[in-house]
Amino acid sequence: NRIDKPGTLQLASLRGKVVVLNFWASWCYPCNQEAPALEAATRKWGNRVVVLGVDVNDPVGDARGFARKFKLSYPLVHDNHNITSPRYGLTGLPETFFIDRTGKLVVHVAGQVEAPDIQAGVERALRS
């Protein structure tokens, strides 16, 4: 998982795949509740869908602990300088955005996502 490695990840590099872009923090209770469903989506959809976690306003060590606790295998990036989140107009955490294969935002869920939300968002993005 990318939270352990410095660097950047551009969404444009994921074109051709559906992206589930999830903004979270380790201290956020709903983020803790939704992490297992996001990990399950990663396993379910395989190479067709990329779940990407964006850690916001969180110490790196806490974020790493969160990733270990939930055994997250999807890519995680650290955005402690709030470079990415303002572009999406976050109103709180967690928030999840479903992006189609062309890079178009098709679904936004403010608050905790559950398996049915993820299923519906991914299916809509795949159809888009």
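This is a walk through one predicted model, stop by stop, with a selection to make at each.

**The whole chain**

Start with the entire protein chain in view. The chain holds 4 helices and 5 strands, and from the N terminus on their order is β-α-β-α-β-α-β-β-α. The radius of gyration is 13 Å, close to the 14 Å that the globule rule gives for 128 residues, so the chain is as compact as a globular protein of that length. Turn the C-alpha trace along its principal axes and the span is about 40 × 25 × 25 Å. Of the 128 residues, 43% count as buried. The chain exposes about 6700 Å², and carbon and sulfur atoms supply 51% of that area. Among contacts between residues at least 6 apart in sequence, 71% join residues at least 24 apart.

**Confidence, and residues 1-6**

Colour the chain by pLDDT next. The average is 89, and 91% of the residues score at least 70. Now select residues 1-6, where pLDDT stays under 50. The model has 17 contacts beyond four places in sequence for this stretch. Where pLDDT is low, the predicted coordinates should not be read in detail.

**Strand 4**

Select residues 95-99, which make up strand 4. How many of the residues of strand 4 are buried? The count is 5 of the 5, so strand 4 is largely enclosed by the rest of the structure. Show the side chains: Glu 95, Phe 97 and Ile 99 point one way, while Thr 96 and Phe 98 point the other way. Residues on both sides of the strand are buried.

Step back to the loop between helix 3 (85-88) and strand 4, where Pro 94 is found. The peptide bond from Leu 93 to Pro 94 is cis, with omega near -10°.

**The partners of strand 4**

Add residues 18-24, strand 1, to the selection. Strand 1 runs antiparallel to strand 4, and 5 bridges join the two. To find one place where they pair, pick Asn 22, whose bridge partner in strand 4 is Thr 96.

Then add residues 105-110, strand 5. Strands 4 and 5 are also antiparallel, joined by 5 bridges. Which residue of strand 5 is the bridge partner of Phe 97? Select His 108 to see that partner. Ile 99 has Leu 105 as its bridge partner in strand 5. Between the two strands lie 5 residues, and the whole forms a hairpin. In the turn, select Gly 103, which has a positive phi of about 95°.

**Helix 1**

Move to residues 29-45, helix 1, and show Arg 43 and Glu 39. These two residues of helix 1 are 4 residues apart, about one turn of the helix. Their side chains meet in a salt bridge, at 2.9 Å from N to O. The count of salt bridges in the model comes to 1. Is each end of the pair buried or exposed? Arg 43 is exposed, with a relative accessible area of 60%, whereas Glu 39 counts as buried at 5%.

Stay in helix 1 and select Thr 42. Thr 42 is buried, with a relative accessible area of 17%. Leaving aside its neighbours within four places in sequence, Thr 42 is in contact with Val 51, Ser 73 and Tyr 74. Leu 72 lies 30 residues from Thr 42 in sequence, with 9.1 Å between their C-alpha atoms.

**The loop between helix 2 and strand 3**

From there, go to the loop between helix 2 (60-69) and strand 3 (76-79), where Pro 75 is found. Pro 75 counts as partly exposed, at 22% relative accessibility. Add Gly 53 to the selection: Pro 75 and Gly 53 are 22 residues apart in sequence, and their C-alpha atoms are 6.3 Å apart in space.

Lys 71 also has its place in the loop between helix 2 and strand 3. Its phi is near 50°, a positive value in a residue other than glycine. Lys 71 counts as exposed, at 63% relative accessibility.

**Last stop: Asn 57**

Finish in the loop between strand 2 (49-56) and helix 2, at Asn 57. Here phi is near 50°, a positive value in a residue other than glycine. Asn 57 counts as partly exposed, at 41% relative accessibility.

Conventions:
Residues are numbered from 1 along each chain as its sequence is written. This is a predicted model: local features need pLDDT of at least 70, side-chain atom pairs count only at pLDDT 80 or more; totals for chains, interfaces and linings use all residues. Side-chain values use heavy atoms; hydrogens and water are left out. Buried means under 20% relative accessible area, exposed over 50%, partly exposed in between (1.4 Å probe, protein chains only). Two strands pair if DSSP finds at least two bridges between them. pLDDT is the predictor's confidence in each residue, from 0 to 100. Contact means heavy atoms within 4.5 Å. The radius of gyration is taken over C-alpha atoms; the globule rule is 2.2 Å times the number of residues to the power 0.38. Accessible areas come from the Shrake-Rupley method with a 1.4 Å probe; for residues, only the protein chains shown count as cover. A salt bridge is a side-chain nitrogen of Lys or Arg within 4 Å of a carboxyl oxygen of Asp or Glu.
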